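Here is a walk through one protein model, written for someone who would rather look at the fold than read a log file. Keep the structure open and follow along.

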Amino acid sequence: MGVRRSGRWLVRGVDLDVRRGEIVTLIGPNGSGKSTTAKAAIGILCPDEGVAGQRPGLRIGYVPQKLAIDSTLPLTVMRLMTLTGPIAPADIDAALHETGIAHLARAEVQALSGGEFQRALLARAIARKPDLLVLDEPLQGVDFAGEIALYALIKRLRDRTGCGVLLISHDLHIVMAETDTVICLNGHVCCRGTPQSVTDSPEYRRLFGPVAAPAVAVYHHHHDHTHLPDGRVLHQDGSVTTHCHPDDGHHHEAALADGDDDACGCGANHHRLQGFAPAEERHV
Ligand SMILES: Nc1ncnc2c1ncn2[C@@H]1O[C@H](COP(=O)(O)OP(=O)(O)OP(=O)(O)O)[C@@H](O)[C@H]1O
């Protein structure tokens, strides 16, 4: 699947499946096409190449990365729940409880903190009892304890309802432990695989604490190419091309212009990603 806008491929050659009960995490630096891919997957965007199909009747719960609400618009959390369609009061109630914001049902959306707003959006998505839950960077404004709580909630939902989950994160290393497949994007699929559990590692237990360590896992990248600062791609055989493969999407041009030594703009050299990146290197 590929999406082309303003004369360039935002993503190209991307293929992914999310099956029932499966958790897929999309990672990649800013501008790598994660949101574009998710939007194409759920039919908000139409691919310019290839197809994105959903099972007929699939119910999707989508938490977008950005949702602008006019600050002059009076809108309570309760009203936000039903803005785009009716939902049974009992389901709204359950979703607000599940996300820990039942006490904010009558609060004005404008008065919510960043983390509370994220929870409200999540409540809105899960209240529709989705078969597929798509969360675009749900950790914005959420602290580490909130991140662990959110992972626990996603796991609970998946276990109880069997829904599929497509999770978008720009943390390149640490992902939700329950993730079945990690896909690293940079205009194309750079690499994909399964994350590695950190539960048994005393080092990680010290780092994350005994409660958080089981909730997170480390993803080791295995790129067969390096993105050079000028946007070209260095392959394992030493050859340099403008793209990873002839059919790949373009890379993030703003990041390339920065002159960093990592062309993807993620702030980390992918060759260093064979081990754990310290917290200050993480994209949080
Ligand atoms: N409608 C559009 N027209 C032109 N370019 C676009 C359009 N939508 C997105 N882009 C560009 O496509 C690239 C990918 O955007 P996208 O939002 O999918 O990236 P992302 O990986 O989700 O980024 P982030 O982590 O910053 O949210 C970006 O360079 C963005 O500027």
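First, a word on burial: a residue counts as buried if 20 or more other C-beta atoms lie within 10 Å of its own, as exposed if 12 or fewer do, and as partly exposed in between, with the C-beta atoms placed from the backbone. Helices (H or I, at least four residues) and strands (E, at least two) are DSSP runs, numbered from the N terminus.

What you are looking at is a predicted model, where local features need pLDDT of at least 70, side-chain atom pairs count only at pLDDT 80 or more, and totals for chains, interfaces and linings use all residues. Residues are numbered from 1 along each chain as its sequence is written.

**The overall picture**

The protein has seven helices and 14 strands. Buried residues make up 41% of its 284 residues. Two residues are in contact if their C-beta atoms, placed from the backbone, lie within 7 Å. Among contacts between residues at least 6 apart in sequence, 68% join residues at least 24 apart.

**Helix H1 and the ligand**

How many of the eight residues of H1 are buried? Eight of the eight are, so the helix is largely enclosed by the rest of the structure. They are Lys34, Ser35, Thr36, Thr37, Ala38, Lys39, Ala40 and Ala41. The cover over them includes strands S1 (3-5), S2 (8-11) and S5 (132-136), along with S3, S6 and S8. After the helix comes Gly43, with a positive phi near 90°.

H1 also matters for the ligand's surroundings: helix H1 (residues 34-41) supplies three residues, the largest share of the shell. A residue is near the ligand if its C-beta atom, placed from the backbone, lies within 6 Å of it. There are 14 residues around the ligand, and Arg5, Asn30, Lys34, Ser35 and Thr36 come nearest. By type, the shell has one nonpolar, eleven polar and two charged residues. Here Ala, Val, Leu, Ile, Met, Phe, Trp, Tyr, Cys and Pro count as nonpolar, Asp, Glu, Lys and Arg as charged, and the others, Gly among them, as polar.

**Strand S3 and its neighbours**

Strand S3 (residues 23-27) has five of its five residues buried, so it is largely enclosed by the rest of the structure. Both of its faces are covered, with Ile23, Thr25 and Ile27 buried on one side and Val24 and Leu26 on the other. Two strands pair if DSSP finds at least two bridges between them. The table lists some of the pairings, S3 included.

| Strands | Bridges | Sense | One bridge pair |
|---|---|---|---|
| S3 and S6 (residues 164-168) | four bridges | parallel | Leu26 and Ile168 |
| S3 and S8 (residues 181-185) | four bridges | parallel | Thr25 and Val182 |
| S12 and S13 (residues 233-235) | three bridges | antiparallel | His225 and His235 |
| S7 and S11 (residues 216-218) | three bridges | antiparallel | Val175 and Ala217 |

**Two three-stranded sheets**

One open sheet runs in the order S12-S13-S14, with antiparallel pairing. Strands S12 (225-227) and S14 (240-241) stand at its edges with a single partner strand each, so one side of each is left without a neighbour in the sheet. Another open, antiparallel sheet of three strands has the order S7-S11-S10. Its edge strands are S7 (174-176) and S10 (196-197), each pairing on one side only.

**The nonpolar core**

In soluble globular proteins, nonpolar side chains tend to be buried together. A nonpolar core is a set of buried Ala, Val, Leu, Ile, Met, Phe, Trp, Tyr and Cys residues joined through C-beta atoms within 7 Å. The largest one here has 67 residues, of which Ala123, Leu133, Leu166, Met176 and Val216 touch the most other members. Helix H4 (residues 114-127) gives the most to this core, with eight residues. Leaving out residues up to four places away in sequence, Leu133 touches Gly61, Ala125, Ile126, Leu157, Cys163 and Val165.

**Helix H3 and a loop**

In helix H3 (residues 89-98), Ile92, Ala95 and Leu96 are buried. Seen down the axis, these fall within an arc of 100° (taken from the directions from the helix axis to the C-beta atoms), so they line one face of the helix. They pack against helix H2 (77-81) and H4.

Finally, Leu67 sits in the loop between strand S4 (60-63) and H2. Leu67 is partly exposed, with 13 other C-beta atoms within 10 Å.
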